[in-house]
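Student: Could you take me closely through one residue close to the start of this chain, and then connect it to what surrounds it and to the chain as a whole? Please give the cut-off behind each term as you use it.

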Amino acid sequence: MIAGTLDGFTETSPVVATALKYGAQSFGDTSLDLGLRGKMAFETDFGSIAPHFRAEFQHDLQSSGSASVSWADRAGGRVCSVPIEGADQTRVMLGAGLDLDWYGHLVGMEYQNTFGASSETQSVSMKLRERF
């Protein structure tokens, strides 16, 4: 679950009649994630190698928000309300990685791809962990 508010602001422009004024915006989202993870470690002389994977189904249960917009040079003028909708309501995330435990030092890397009807996000993450 996430919720927040953005302060309003007014654009500046050399041509005054083209600047817009945005009111404060509020937004919120609640999502449900259902997933599966797997990992298998293979022992070696120096430690272990562990490939892993993950798959998640993500669905937004509630996505809401609104923004008000008006012309900056017209005080008390017409104000339009613009609904804010989430980019995708259903997404799938797939990830795969490898952890290397080398004499107690852990080095890991993971690739993730999240995609929905109108967007796709790819990421690569690395981790370092030291046991003491």
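Tutor: G4 sits in strand β1, which covers residues 2–6; strands here are DSSP runs of E with at least two residues, helices are runs of H or I with at least four, and both are numbered from the N terminus. This is a predicted model, in which local features need pLDDT of at least 70 and side-chain atom pairs count only at pLDDT 80 or more, while totals for chains, interfaces and linings use all residues. Residues are numbered from 1 along each chain as its sequence is written, and side-chain values use heavy atoms, with hydrogens and water left out.

Once neighbours within four places in sequence are set aside, G4 is in contact with Q25, S26 and F27, where contact means heavy atoms within 4.5 Å. From G4 to F27 the C-alpha distance is 5.5 Å, although 23 residues separate them in sequence. Those partners lead into β4 (25–39).

After β4 comes M40, placed in the loop between β4 and β5 (42–43). Apart from residues up to four places away, M40 touches I49, A50 and P51, whereas its C-alpha atom is 14 Å from that of G108, 68 residues away along the chain.

G47 belongs to strand β6, which spans 47–71. G47 counts as buried because its relative accessible area is 19%, given that buried means under 20%, exposed over 50% and partly exposed in between, with a 1.4 Å probe and protein chains only. Its contacts beyond four places in sequence are F42 and D101, and its C-alpha atom lies 5.1 Å from that of W102, 55 residues apart along the chain.

Y103 is in the loop between β8 (90–102) and β9. Y103 counts as exposed because its relative accessibility is 55%. Its phi is near 50°, a positive value in a residue other than glycine. Most residues other than glycine have a negative phi.

β4, β6, β9 (105–116) and β10 (120–130) are the elements that give two or more residues to the lining of the largest pocket. A pocket is an open set of points on a 1 Å grid over the protein atoms alone, where a 1.4 Å probe fits and protein lies on both sides within 12 Å along at least five of seven lines, and lining residues have an atom within 4 Å of a point. Its space is about 190 Å³, the volume being that filled by probe spheres set on the points, which are joined across faces, edges and corners. Of the 13 lining residues, R37, H52, R54, E110 and K127 lie nearest the centre. The lining divides into 3 nonpolar, 4 polar and 6 charged residues; Asp, Glu, Lys and Arg count as charged, Ala, Val, Leu, Ile, Met, Phe, Trp, Tyr, Cys and Pro as nonpolar, and the others, Gly among them, as polar.

For the chain as a whole, there are 10 strands and 0 helices. The C-alpha trace spans about 75 × 30 × 25 Å along its principal axes, and the radius of gyration is 23 Å, against near 14 Å for a compact globule of 132 residues, taken over C-alpha atoms with a globule rule of 2.2 Å times the number of residues to the power 0.38. Of the 132 residues, 23% count as buried. Among contacts with a separation of 6 or more, 50% join residues 24 or more positions apart.
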